[in-house]
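User: I'd like to learn how to read helices and sheets in a model like this one. Can you walk me through it?

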Amino acid sequence: MHITLVKKILADGSPCRKCQQVESRLVEAGLLDKIDSIVIADERDTDSAGMLLATKHQVKQAPFFIVRDEQGNETIHTVYFRFIKEIFNRNASESEAAADILDSSPDMDYI
Amino acid sequence: MSKAQFDTSRLAAEYDSRQPPEVLKLALDSFDNIAISFSGAEDVVLIDMATKIRPDIRVFSLDTGRLHAQTYQFIDKVRTHYQISIDVLFPESEAVQKLVNNKGLFSFYQDGHKECCGIRKVIPLRRKLATLDAWVTGQRKDQSPATRAGVPVVETDGAFSSTDHELIKFNPLSNWSSTQVWDYIRTHNVPFNELHNSGFISIGCEPCTRPVLPNQHEREGRWWWEDETIKECGLHSASRPVTTGR
């Protein structure tokens with residue numbers, strides 16, 4: 001299994017808040033060393049590796065994870081608490097899961 | 001019909017041009033374990049339509065503890081008007097107390113609304129939805145062109161489904177405009193929240209909702225102080241548009 005984390009740099013050069021949060025949570029959970037590569041999606045450069053991956057996989061938000069299995073099949077994970085549950089069988093707290101749901105569901109802006 | 005037999009993609013396409021009562025009938029005919037999420041605003045039309053199909057339709061509302069007095073009064077008015085029971089959901093007091101003790105009662109003006117909404121709305125909603133096979137919302141495309149333009153009339157709920165629990169979400173009003181909703185309210189003498197008489201269009205919690213001026217979009221009445229942070233997670237290109245950006 002090979003896991004890629006794609007995180008974003010905003011157009012003003014600053015890191016995206018959610019990407020920083022997810023990286024911190026990976027560290028706290030002791031899972032960062034399970035991530036094989038970290039790729040940057042730089043909003044200032046549409047040809048940056050992360051932007052190209054987002055285009056390829058039709059992902060609209062960052063951060064996201066690409067998990068490639070032994071057969072070469074790739075699955076995309078855009079919601080952190082589901083990613084750690086499905087890949088590592090770890091549970092996030094309810095408040096973390098709620099924050100992930102809100103961050104990954106633009107249509108819930110009116111909830 | 002069981003969930004396994006419910007072909008969401010096909011029905012979404014088939015019902016896209018149907019009227020809301022037809023979508024509601026599909027929902028109620030297809031699922032027994034289903035409920036309407038009622039916000040205390042103009043989504044009351046869903047209750048009006050649904051009670052004509054199934055008088056004992058299950059309805060729930062999220063009481064965040066921060067709603068306007070008029071909204072509480074309205075929820076009770078709807079309960080008696082339609083003679084239905086409304087399951088009012090509350091946030092966990094411990095989580096609210098921790099948030100308020102740590103950050104005060106108005107932390108959302110500094111930190112954004114998501115932390116507070118997570119505790120007061122998303123967690124109780126998630127718990128409720130874990131008990132249902134399907135739910136019905138008042139989401140409409142015209143409520144926010146940036147975030148709701150793609151809302152289908154029926155979908156697999158990507159936010160609240162899990163690997164062992166697929167949840168179906170119906171959005172019967174998806175293709176209706178605000179004008180059509182209000183035409184329905186007037187034509188059918190549907191009760192409505194008094195706040196609408198004072199310029200409120202979208203209604204949420206009291207500190208996070210304000211009336212809008214004529215020709216202002218209803219989105220401007222909610223979380224008006226943090227538009228930029230809402231967009232933060234989207235992948236945008238600074239130089240040229242990319243197909244994946246929003």
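User: What covers the buried residues of helix 1 of chain A?

Analyst: Keep in mind that this is a predicted model. The cover over those buried residues includes strand 1 (2-9), helix 3 (80-88) and helix 4 (94-104) of chain A.

User: Which residues of helix 1 of chain A are buried?

Analyst: Start with the general idea: an α-helix has 3.6 residues a turn, so residues three or four places apart point the same way. Here the buried ones are A:Lys18, A:Cys19, A:Val22 and A:Leu26. Looking down the axis of helix 1 of chain A, they fall within an arc of 100 degrees, so they line one face of the helix. On the other side, A:Ser24, A:Val27 and A:Glu28 are exposed.

User: How many Å should helix 1 of chain A span?

Analyst: With twelve residues (17-28) at 1.5 Å a residue, 16 Å; the end C-alpha atoms of helix 1 of chain A sit 17 Å apart, which agrees. Just past this helix, A:Gly30 has a positive phi of about 70 degrees.

User: Now the sheet in chain B. What is the order of its six strands?

Analyst: In general, strands of a sheet pair through backbone hydrogen bonds, either parallel or antiparallel. This open sheet of chain B reads 3-2-1-4-6-5, with mixed pairing. Its edges are strand 3 (86-89) and strand 5 (154-156) of chain B, each pairing on one side only.

User: How do strand 1 and strand 2 of chain B run?

Analyst: Strand 1 (residues 34-37) and strand 2 (residues 59-62) of chain B run parallel, joined by two bridges. Across from B:Ile36 you'll find B:Val59 in strand 2 of chain B.

Note on methods. Residues are numbered from 1 along each chain as its sequence is written. Chains are lettered from A and ligands numbered from 1 in the order in which they are written. This is a predicted model: local features need pLDDT of at least 70, side-chain atom pairs count only at pLDDT 80 or more; totals for chains, interfaces and linings use all residues. Two strands pair if DSSP finds at least two bridges between them. Helices (H or I, at least four residues) and strands (E, at least two) are DSSP runs, numbered from the N terminus. The expected span of a helix is 1.5 Å times one less than its number of residues. A residue is buried if 20 or more other C-beta atoms lie within 10 Å of its own, exposed if 12 or fewer, and partly exposed in between; C-beta atoms are placed from the backbone. The arc is that of the directions from the helix axis to the C-beta atoms. Two residues are in contact if their C-beta atoms, placed from the backbone, lie within 7 Å.
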